[in-house]
Amino acid sequence: MDTGDLSTIFAFLLLVLCSAFFSASETAYTSLNAVRLKRMASDGDARAAKVLALAERYEDLLSSILIGNNVVNILATALATAMFVRWIGGNGVSVATIVTTVVILLFGEVTPKNIAKDHAEAIALRFYPLLFAITKLFTPFNWLLGCWQKLVGRVVKPAEDRGFTEEELITIVEEAESEGEIDAHESELIRSAIEFTDVDVEEILTPRVDIEAIALDATDEEIARAFQAGFSRLPVYQETVDNIVGILHEKDFYAHRGEKAVSELMTQPTFVLETTKVSDLLKLLQKTKTHMAVVVDEYDGVTGIVTMEDILEELVGEIWDEHDEVVEDYRKLDDGAYLVAGSANLDDMLELFGIDKEYDPVTVNGWIQEGLGRFPKAGDRFELDGLRITVEKAEKRRATEVRVERAEPVPATEG
């Protein structure tokens, strides 16, 4: 093997190395975590800021990488062909094709791309100076390719970029959780924030039957007993709960007890519809500087109340204080069944059992009433959507605790 052959082999290996460089660069800049780089740049990493700037010119960068990659791959193929033809004659073309394909595929494409995918930021930072120089060098070619792309774009209209959908964002959060970048609590908090704008007030309200309210003509002793139950604000009604006329604050009551009537101390109530979005309600409460709203239906009947605490709990989960009786919505039993509170969210319960189906009722109790076609009572049993439901406790015409388990599959009959 003479010096010329050694030089050709060296040039071929150098071109394969260049192919690996371009392949790794493409994957690195495609896979890099922009959020991580932005944090590095904000911490004073100048090169991270430069990498971000280059990544924002992705079309020019990609064009430069593709041009460089194709040039070195074609040159490597040409060198290998000339070398093998010189060595073995006519069959050299076939041998060169096989050898070049295997070498470039393995060492110029697959391996560098796999490495770059796992070390995207590190490779993007290390390769930046050379990539920046190559992008500048290929500026005329990138301009020509840009003109060609615009021409093609007039013929083939590009798809409208809708950005990320809510489902896509949730998928990203789930992937981040599965990869260990965020924990389960952080994942749940982010998902709650994403879905926040889709939640209706009726899904988080305290129902009318659970409202602790006082009559407009209630005595100071009656009002004091109501506040002793642990509430800081009480709705005030006239004649019936459907006619709420004000909200009484505990601080105002005790500051002027015996001096002023309830009608002088209470503030005007804020009314919202059941279908009001929780995000809109939050803005309304901030605007009116109130912490409680009365929820009414389409017939102007009171269906419940909702507080600022209810909104916060929709984001961060249940918040218990020293006056609250802690109620678990779901409690798993030893036999695999669950004890579920009647007030629990129906969608959450169905998700717990892997059931993807939508119902009009918001709570488990409403779902049971719909399934039975009447008010539930303790001991009721029925099956729905592959679940066996047993009403364990019921009061005031509603189920307060139910046992939910998967129904046993019906054995197949032999024909």
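In this predicted model, helix 1 passes helix 4 in a left-handed crossing. The briefing below begins with that helix pair, turns to the pairing of helix 3 with helix 6, and then takes up strand 7 with its neighbours and two loop residues that have a positive phi.

**Helix 1 and helix 4**

- Helix 1, which covers residues 3-31, and helix 4, which covers residues 58-88, pack with their axes 9 Å apart and at an angle of about 155°.
- Because angles over 145 degrees count as roughly antiparallel, helix 1 is described as roughly antiparallel to helix 4.
- Sorted by class, the residues in the contact of helix 1 with helix 4 comprise 19 nonpolar, nine polar and three charged.
- Leu62 belongs to helix 4, and with a relative accessible area of 23% this leucine is partly exposed.
- Between Leu62 and Asp348 there are 45 Å in space, taken from C-alpha to C-alpha, and the two residues are 286 residues apart in sequence.

**Helix 3 and helix 6**

- The axes of helix 3 (residues 46-56) and helix 6 (residues 120-137) come within 10 Å and cross at roughly 50°, an angle that makes helix 3 oblique to helix 6.
- The crossing of helix 3 and helix 6 is left-handed.
- On the side of helix 3 the contact is made by Arg47, Ala48, Lys50, Val51 and Leu54, while helix 6 contributes Ala124, Leu125, Arg126, Tyr128, Pro129, Leu131, Phe132 and Thr135.
- Classified by residue type, the contact of helix 3 with helix 6 holds nine nonpolar residues, one polar residue and three charged residues.
- Thr135, which is found in helix 6, has a relative accessible area of 2% and is therefore buried, given that the cut-off for this class is under 20%.
- Leaving aside residues up to four places away in sequence, Thr135 touches Leu54, Arg57, Asp60, Leu61, Ser64 and Asn142; Leu54 is also one of the helix 3 residues in the contact with helix 6.

**Strand 7 and its partners**

- Strand 7 spans residues 302-307, and six of its six residues are buried, so this strand is largely enclosed by the rest of the structure.
- Strand 1 (residues 206-207) runs antiparallel to strand 7 and is joined to it by two bridges, with Thr206 standing opposite Ile305 of strand 7.
- Strand 6 (residues 292-296) likewise runs antiparallel to strand 7, and five bridges join these strands; here Val294 has Ile305 of strand 7 as its bridge partner.
- Ile305 of strand 7 thus appears in both pairings, opposite Thr206 and as the bridge partner of Val294.
- The hairpin of strand 6 and strand 7 has five residues between the strands.

**Loop residues with positive phi**

- As background, most residues other than glycine have a negative phi.
- Asp300 lies in the loop between strand 6 and strand 7, and its phi is near 70°, a positive value in a residue other than glycine.
- With a relative accessible area of 52%, Asp300 is exposed, because that class begins over 50%.
- Lys289 lies in the loop between helix 13 (278-288) and strand 6, and the phi of Lys289 is near 55°, which is again a positive value in a residue other than glycine.
- Lys289 counts as exposed at 74% relative accessibility.

Methods. Residues numbered from 1 in each chain as written. Predicted model: local features only at pLDDT ≥ 70, side-chain atom pairs only at ≥ 80, totals over all residues. Heavy atoms only, no water. Axes fitted to C-alpha atoms, helices over the stretch in contact; angles between N-to-C directions. Helix = DSSP H or I, 4+ residues; strand = E, 2+ residues; numbered from the N terminus. Parallel < 35°, antiparallel > 145°, perpendicular 65-115°, else oblique. Left-handed = near helix turned anticlockwise from the far one by under 90°. Contact = heavy atoms within 4.5 Å. Nonpolar A, V, L, I, M, F, W, Y, C, P; charged D, E, K, R; others polar. Buried < 20%, exposed > 50% of the residue type's maximum accessible area, 1.4 Å probe, protein only. Pairing = 2+ DSSP bridges.
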